[in-house]
Amino acid sequence: LRGLGTRVDIPQAMAELRLPLGDLDLTACIELARAIDPEKNGSLRTAVLQKGIDQGSIDCVVMLAKQLALSPEAGQENGRIRELLEKAALARHPEGMAILGYRMLNGIGMPPKPNKAIELLTQAAEAGNHGASCELFWPLSQGRYAKKNAEQAFKLLRKAQDEFHPRAYGLLARCYMFGVGTSKDEHKAVDALR
């Protein structure tokens with residue numbers, strides 16, 4: 001796993017891994033979880049993530065919530081997903097807050113709570129989660145669930161675009177094309193789309 005006395009070989013480390021997980025430390029849990037394909041080895045990845053959670057990793061909490069949300073049993077796991085994401089949000093994990101906010105805003109696995117969702121997405125965006133910045137575009141630009149503030153929506157997108165977040169480019173093109181939070185500029189819109 002770490003290349004001690006040999007080269008780094010994640011697939012071989014996974015092949016050597018046996019349950020119970022023994023002395024895997026937190027770093028090893030996170031590295032292995034990122035390497036394990038949840039579609040091929042979902043139960044092993046879940047066990048590794050749970051060991052990381054038991055050791056206090058909020059990253060593992062978020063990774064497990066994402067894995068459960070993408071699994072075929074996602075509908076049956078909504079309670080667990082919400083519990084994990086709420087734990088991550090309490091720890092102020094930007095991605096955890098963004099995912100929980102998105103799910104709350106759209107009523108995925110829970111009744112919609114738009115005000116709380118906007119609050120979580122705003123906190124995540126302020127913490128640097130660019131997916132949350134993009135999710136805030138529609139509520140801020142249209143005044144849906146939040147006070148209309150197209151300039152703020154544009155600023156959040158610019159920051160996301162400055163750090164090469166792909167979704168921000170399309171939304172920025174819309175801003176430039178229609179003058180949302182900025183002046184109209186078709187050339188900048190085309191550049192953003194390119």
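1. **Tyr 145.** Tyr 145 is partly exposed, with a relative accessible area of 36%. Look for Tyr 145 in the loop between α9 and α10. Its phi is near 70°. That is a positive value in a residue other than glycine. Keep in mind that this is a predicted model.

2. **Arg 92.** Here is another backbone angle to check. Arg 92 has a phi near 65°. Again the value is positive, and again the residue is not glycine. Arg 92 sits in the loop between α5 and α6. Its relative accessibility is 47%, so Arg 92 counts as partly exposed.

3. **The chain as a whole.** Now step back. How many helices and how many strands does the chain have? The count is 12 helices and zero strands. Read from the N terminus, every element in the run is an α. The C-alpha trace spans about 60 × 40 × 25 Å along its principal axes. The chain has 194 residues, and 40% of them count as buried. Take the contacts with a separation of 6 or more: 41% of these join residues 24 or more positions apart.

4. **Helix α7, its length.** Helix α7 covers residues 114–126, which makes 13 residues. From its first C-alpha to its last, α7 reaches 18 Å. This is close to the 18 Å expected at 1.5 Å a residue. After α7 comes Gly 128. The phi of Gly 128 is positive, near 100°.

5. **Helix α7, its two sides.** Which residues of α7 are buried? They are Ala 117, Ile 118, Leu 120, Leu 121, Ala 124 and Ala 125. Seen down the axis of α7, these buried residues fall within an arc of 165°, so they line one face of the helix. A general rule helps in reading such a pattern. An α-helix has 3.6 residues a turn, so residues three or four places apart point the same way. Now turn α7 around. The face away from the buried side carries the exposed residues Asn 115 and Glu 126.

6. **Helix α7, its partners.** What do the buried residues of α7 pack against? Two of the partners precede α7 in the numbering: α5 (78–90) and α6 (94–106). The others are α8, α9 (137–142) and α10 (150–162).

7. **His 130 in α8.** One of those partners, α8, runs over residues 130–135 and contains His 130. Is His 130 buried or exposed? Its relative accessible area is 11%, under the 20% cut-off, so His 130 is buried. Set aside neighbours within four places in sequence. His 130 is then in contact with Lys 159, Ala 160, Glu 163 and His 165.

8. **Ala 153 in α10.** Ala 153 lies in helix α10. It is buried, at 0% relative accessibility. Leave out residues up to four places away in sequence. Ala 153 then touches Phe 137, Leu 140 and Ser 141. For a distance check, compare Ala 153 with Ala 189. They are 36 residues apart in sequence, and their C-alpha atoms are 16 Å apart in space.

9. **The α4 and α6 pair.** Helices α4 and α6 pack at an angle of about 35°. Their axes are 10 Å apart. The crossing is left-handed. Which residues meet there? From α4 come Val 62, Lys 66 and Ala 69. From α6 come Glu 95, Gly 96, Ile 99 and Arg 103.

10. **Glu 77.** Move on to the loop between α4 (58–70) and α5, where Glu 77 lies. Glu 77 is partly exposed, with a relative accessible area of 27%. Glu 77 and Ala 65 are 12 residues apart along the chain. Their C-alpha atoms are separated by 9.2 Å.

11. **The cysteines.** How many disulfides does the structure hold? The number is zero. Cys 29 is in no disulfide, and its nearest cysteine sulfur is that of Cys 60, 6.0 Å away. Cys 60 is likewise in no disulfide. A disulfide needs the two sulfur atoms within 2.5 Å. Cys 29 counts as buried, at 0% relative accessibility. Cys 60 is buried too, with a relative accessible area of 0%.

How values were computed: Residues are numbered from 1 along each chain as its sequence is written. This is a predicted model: local features need pLDDT of at least 70, side-chain atom pairs count only at pLDDT 80 or more; totals for chains, interfaces and linings use all residues. Side-chain values use heavy atoms; hydrogens and water are left out. Helices (H or I, at least four residues) and strands (E, at least two) are DSSP runs, numbered from the N terminus. Buried means under 20% relative accessible area, exposed over 50%, partly exposed in between (1.4 Å probe, protein chains only). Contact means heavy atoms within 4.5 Å. The expected span of a helix is 1.5 Å times one less than its number of residues. The arc is that of the directions from the helix axis to the C-beta atoms. Axes are lines fitted to C-alpha atoms, for helices over the stretch in contact, and angles run from 0 to 180 degrees between N-to-C directions. A crossing is left-handed if the near helix is turned anticlockwise from the far one by less than a right angle, and right-handed if clockwise.
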